[in-house]
Amino acid sequence: MEKLISVEQSVFALSQSYPEIVEILASLGFSDITKPGMLASVGRFVTLKQGAALRNIDLQIVKGALIAHGFSFKEKKNE
C-alpha cells in the first residue's frame, strides 16, 4: 500500500491515516505531538509544513525522514 501524503495535510489527519507517523515526527523534534490532547487539538489545524516551520525544522529533513520510512509526497509546483 502506497503511503502518499502532502505537506499541506494536518498532522492529526496524517496520524489518523498512518499512526506510525507520530513516532517518526516526534523523533524529528515535533515533541508536542506526544503530549496528551495536543495532537487532537492543535494537530487538527497545523499542517506538516506549518509544524516544521513552527519547530524550526527544515521541511526537507522531515520529508527525507518520512521518505526513508516508506512515505511519498504529492507535490505542488511551488513546493
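This report walks through the fold, the charged pairs and two single residues of one small protein chain, using a predicted model.

**The overall picture**

Let's start with the big view. The protein chain is built from 5 helices and 2 strands. If you follow the sequence from start to finish, these elements come in the order β-α-α-α-α-α-β, with a strand at each end of that pattern.

How does the chain's radius of gyration fit with a compact globule? For 79 residues, such a globule would have a value near 12 Å, and the protein chain comes out at 11 Å, so the two agree. Along its principal axes, the C-alpha trace spans about 35 × 30 × 20 Å.

Now for the inside and the outside. Of the 79 residues, 38% count as buried. The protein chain exposes about 4800 Å² of surface, and 56% of that comes from carbon and sulfur atoms. Contacts also reach a good way along the sequence: taking those between residues at least 6 apart, 62% join residues that are at least 24 apart.

**Charges and salt bridges**

Next up, the charged side chains. The protein chain carries 9 positive and 8 negative ones, and the centres of the two sets lie 5 Å apart. Side chains of opposite charge can pair when their charged atoms come close. In this structure there are 4 salt bridges, and the table shows three of them, including the distance between N and O for each pair.

| Pair | N to O distance |
|---|---|
| K3 and E20 | 3.1 Å |
| K35 and D32 | 2.9 Å |
| D32 and R55 | 3.8 Å |

Take K3 and E20, whose side chains meet at 3.1 Å. K3 sits in strand β1, while E20 is in the loop between α1 and α2 (21-28), so this pair ties together parts that are 17 residues apart in sequence. E20 counts as partly exposed because its relative accessibility is 34%.

Which residues are linked with D32 in a network of salt bridges? They are K35 and R55. D32 is found in the loop between α2 and α3 (38-41), and R55 in the loop between α4 (48-54) and α5 (59-68), so their salt bridge ties together parts that are 23 residues apart in sequence. What about exposure in this little network? D32 has 27% relative accessibility, so it counts as partly exposed. K35 is partly exposed too, at 46%, and R55 gets that label at 34%.

**Two loop residues to look at**

Is S10 buried or exposed? S10 is buried, because its relative accessible area is 15%, and the cut-off for buried is under 20%. You'll find S10 in the loop between β1 (3-5) and α1 (11-17). Leaving aside residues up to four places away in sequence, S10 touches G43, R44, V46 and T47. So if you want to see what surrounds this serine from elsewhere in the sequence, those are the neighbours to click on.

N56 makes a nice contrast. This residue belongs to the loop between α4 and α5, and it counts as exposed because its relative accessibility is 72%, where exposed means over 50%. There's a backbone detail here as well: N56 has a positive phi of about 60 degrees, although it is not a glycine.

**Putting it together**

To recap, the chain has 5 helices and 2 strands, and its radius of gyration agrees with that of a compact globule. D32, K35 and R55 form a network of salt bridges, while S10 is buried and N56 is exposed.

Conventions: Residues are numbered from 1 along each chain as its sequence is written. This is a predicted model: local features need pLDDT of at least 70, side-chain atom pairs count only at pLDDT 80 or more; totals for chains, interfaces and linings use all residues. Side-chain values use heavy atoms; hydrogens and water are left out. Helices (H or I, at least four residues) and strands (E, at least two) are DSSP runs, numbered from the N terminus. Buried means under 20% relative accessible area, exposed over 50%, partly exposed in between (1.4 Å probe, protein chains only). Contact means heavy atoms within 4.5 Å. The radius of gyration is taken over C-alpha atoms; the globule rule is 2.2 Å times the number of residues to the power 0.38. Accessible areas come from the Shrake-Rupley method with a 1.4 Å probe; for residues, only the protein chains shown count as cover. Lys and Arg count as positive and Asp and Glu as negative; His and the chain ends are not counted. The place of a charge is taken as NZ of Lys, CZ of Arg, CG of Asp or CD of Glu.
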